Structure formats: structure tokens, C-alpha cells
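Please open the structure in your viewer and keep the sequence panel beside it. Each stop on this tour suggests something to select and then describes what is there.

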Amino acid sequence: MILSIESSCDDSSLAITEITNAKLLFHQKISQDNIHSRYGGVVPEIASRLHTQSLPTILKQAKEFLGDFSKLKAIAVTTEPGLSVSLIEGLMMAKMLALSLQIPLLSINHLIGHFYSLFINQQQAIFPMSVLLVSGGHTQILRAHDPAHFEIIAQSSDDSFGESFDKVAKMLGLGYPGGPIIESYAKQYPKHLTLAPLPLPLKNKQSLGFSFSGLKNATRLLIESLENKHISHHIDSIQTTIPKKSNSTYTESKNAQKLQFVCASFQQAAIAHICNQIERYFKQSVSGKRVLDFAIVGGASSNLALRSAIETLCHTFGARLHLAPLEFCTDNAAMIGRAGIAEYQARHFMDIERLDISPRSTTKLLYQANTIY
């Protein structure tokens, strides 16, 4: 069995995974969303302090589950990328456990961990696999060739998909994290009504990539234009339910109707940008072979509108779509444990004294594509 630890941002999580059949035996996670929502985003120092409280609590639960740790064969821990002050808390616990139990230590890249969220409780991972990684910190197209080769095909030049949702939510006076709140308001906007004509980023650029800063600014201008104004009469009768996590300063009448309009317009434009780039990727030859297997992973992959749009694209291009269970989209130790199996089988054991954390990806397993797509 492998005990895995995840603390790259604001989620404290531990898991225990069987090596031989990849069965998830134990998984527990403590989220810090309610704390950071007061500040409109993650406060690194607070996140670090909360990890020091939550990780030992979950470790105690894991020990009670197993009885003792004598059956553990290795410790897997997220070491990159992420918040340094958060990563270090997980690494210190991992080193302590590996030293005291005299078992190997495995270093896991968080992004590769998200890939393995597709294969929790599955003995065999699928290769090759093309992957859209969308989260609060990253928006990338990856190609997983095999367990030792993960190629970055395209990525955002500024904000990530999830980060742009957080920032638009903040503009609207909503809570954190912004993704679920934006999605909730967008769902309430009647589908037969028109949306704001927000720009499609990188529409005229030929190479693959993502950019959300221009769309974010256009949304800001839209919000400013609607301040103290009524949107056109056709949305005056919209009924609304304010999401429980919302701290909106808007009233619950016509101002909430504006929220639906803005959120639906922004979400549609952001997803259209993602789909536009994925379509370009599908159309471009990959060593003369079309994409057969495509996946969406990362915290923002829980957005149902995004899932539906990518599903339609995959159907059009004849690709099989793979989705992680919703409970394993956000950061979790279960995916780190599943990634740890591949590292354990490859015997990529780390020097306990030399192993350190990094806020950016440094692993040789994840590399930039040589070809410009």
C-alpha cells in the first residue's frame, strides 16, 4: 500500500492506495474554502497554518483505519507545482513518515497527479492520451505518451480558466471559489435569451494557446456598463435563486438578473475559447494520427457546461472522452496515490535528505513540446 499526501494549495488530503490493483482504500480531505472565501482568494500563510492542523488530523484517521502503518510500502507526496508554504507542510510529513517507517519516498508532480485522477480504482492507465487540464492555476493541453513522458502542447499565456472565473466572481462581489458560483448563476439564465457579445480570445492566432486576460477585461467593461442600469426588458421577469456561497452586494431582484446575464455571457465565451483551441488541436495531425482518447481533468473540469461542450467536440471528431469522477476533479490525495503507483513500479525512489519542493514544475517527466502547434 502507498500512503499519499496532497497539500499543494488549500486542500489537505491523505489517501491509502493498494499497489497491486490500484484500489483506493482510504481517502480523506479537508477543504479551506470557507476560510479563504472571506478574503476573496487563497491566502498562502493561512493555508500553510491550516495544513499544520489538518494533515495530522487526517493522518490519525488513516492510522485508525489501518491499525498501524506496517503494511505501507511507500509514501507519495506532491512536491510541485504549488504554493511553497503549502507544499512544504506535506513534504515534512512525508519525510517524517518515510524515515520512521524506513520505506521509500515518492515525489509526485501535481499536474501529472491530475492525469491519474482518471484512473483511480483502475489498474491500467490509458496511453497515449490527450488531456485538457483546467484548474485555478493551469490551463494546458497535455499529451500523455506513457508514464514517463507527458508533453505540454499548449498553455495559457496569462490567467487560467479557473482563475478567470474567480476574478470575474470577485468583480461581481461574489464569494470564493468563483467557478461554482458563476456556473450556478449561468444555469439560471434562460437559454432562449441572447448573451453579451464578448470577444473570442486568440481568434486570429494560428498557433495553439489560451488567454483569458482580454476576456476578463471585456467582462469588467460589461459589468461597469450595467451598473445602475436595467438590462433590456426581455430579462426583467427572470426568477433567481442566490447560491448559498454568494456574498453578493446586489439585491435579489433585477440586479440578480444582471448577475445571471453576466455570468452566462462570460462562461459561454470562456468555454467557446477552450473549444476553439481544442478543435484546432483535433484538426492538426499528431504524427499522422488522429486523437482517439481525450480527457478533461483539474478542478474546473467539474463545470458541467464545459464537459458538455467538450463531449460534443469529441463526438464530432470521433474521440473517446474520459472524465474523472466529480469528487476527484479538485485537488486530492487519491490521484497522488494513483500516480505514486507508476513511480513505485518504476522504482523512482527519492533521496529523503535532498528532496525539496518547487512552486513550478521541474520534473523531466513533464516537458514542453518541440513542435509549435
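Which residues does His51 touch, not counting residues up to four places away in sequence? Before answering, please keep in mind that this is a predicted model.

**First stop: His51**

Select His51, which you will find in helix α2, the run of residues 44-66. If you then show its surroundings, you should see that His51 touches Ser7, Cys9, Asp10, Asp11, Ser12, Gln32, Pro56, Ser86 and Glu89, leaving out residues up to four places away in sequence. The relative accessible area of His51 is 0%, so this residue counts as buried, the limit for that word being under 20%.

**Second stop: helix α10**

Now select residues 333-345, which make up helix α10. At 1.5 Å a residue, the 13 residues of this helix should span 18 Å, and its end C-alpha atoms are indeed 18 Å apart, which agrees. Is this helix largely enclosed or exposed? Because 11 of its 13 residues are buried, α10 is largely enclosed by the rest of the structure. To see them, colour Ala333, Ala334, Met335, Ile336, Gly337, Arg338, Ala339, Gly340, Ile341, Ala342 and Glu343, which are the buried residues of α10. Next, display what covers these buried residues, which includes the strands β1 (2-6), β2 (11-17), β3 (24-31), β4 (74-80) and β5 (105-109), together with helix α4 (110-116).

At the start of α10, look for Asn332, where a side-chain oxygen reaches to within 3.1 Å of the backbone nitrogen of Ala334. Then move along the helix to Tyr344, which is also placed in α10. Leaving aside neighbours within four places in sequence, Tyr344 is in contact with Ile2, Ile19, Lys73, Ala74, Leu106 and Phe349. If you measure from C-alpha to C-alpha, Tyr344 and Lys73 are 9.0 Å apart in space, although 271 residues separate them in sequence.

**Third stop: backbone angles**

Most residues other than glycine have a negative phi, and most peptide bonds are trans. With that in mind, select Arg347, which follows α10 and is placed in the loop between α10 and β11 (366-368). Arg347 has a positive phi of about 60 degrees although it is not a glycine, and with 59% relative accessibility it counts as exposed.

Go next to Ala22, in the loop between β2 and β3. Ala22 is not a glycine either, yet it has a positive phi of about 65 degrees. Is Ala22 buried or exposed? At 3% relative accessibility, Ala22 counts as buried.

Two peptide bonds deserve a look as well. The one from Glu80 to Pro81 is cis, with omega near -25 degrees, and Pro81 itself lies in the loop between β4 and α3 (84-101). The peptide bond from Phe127 to Pro128 is also cis, with omega near -10 degrees, and here Pro128 is placed in the loop between α4 and β6 (129-134).

**Fourth stop: the second largest pocket**

Rolling a probe the size of a water molecule over the atoms shows where empty space is left. In the second largest pocket, there is about 350 Å³ of such space. Of the 15 residues that line this pocket, select Ala186, Lys191, Ala264, Gln267 and Ala305, which lie nearest its centre. Which helix gives the most to the lining? The answer is α8, with five residues, while α6 (178-188), α8 (254-283) and α9 (304-317) each supply at least two. Sorted by class, the lining consists of 10 nonpolar, two polar and three charged residues.

Stay with Gln267, which is placed in helix α8 and is buried, with a relative accessible area of 7%. Not counting residues up to four places away in sequence, Gln267 touches Phe165, Glu183, Ala186, Asn303 and Ala305.

**Last stop: helix α5**

Follow the contact from Gln267 to Phe165, and then select residues 161-171, which form helix α5. In this helix, Phe161, Gly162, Ser164, Phe165, Asp166, Val168 and Ala169 are buried. Just after α5, finish at Gly173, which takes a positive phi of about 75 degrees.

Terms used. Residues are numbered from 1 along each chain as its sequence is written. This is a predicted model: local features need pLDDT of at least 70, side-chain atom pairs count only at pLDDT 80 or more; totals for chains, interfaces and linings use all residues. Side-chain values use heavy atoms; hydrogens and water are left out. Helices (H or I, at least four residues) and strands (E, at least two) are DSSP runs, numbered from the N terminus. The expected span of a helix is 1.5 Å times one less than its number of residues. Buried means under 20% relative accessible area, exposed over 50%, partly exposed in between (1.4 Å probe, protein chains only). Contact means heavy atoms within 4.5 Å. A polar contact is a pair of N or O atoms within 3.5 Å; within protein, one must be able to donate a hydrogen and the other to accept it, and residues adjacent in sequence count only if both atoms are side-chain atoms. On a 1 Å grid over the protein atoms alone, a cavity is a set of points where a 1.4 Å probe fits but cannot get out, and a pocket is an open set with protein on both sides within 12 Å along at least five of seven lines; lining residues have an atom within 4 Å of a point. Grid points are joined across faces, edges and corners, and a volume is the space filled by probe spheres set on the points. Ala, Val, Leu, Ile, Met, Phe, Trp, Tyr, Cys and Pro count as nonpolar, Asp, Glu, Lys and Arg as charged, and the others, Gly among them, as polar.
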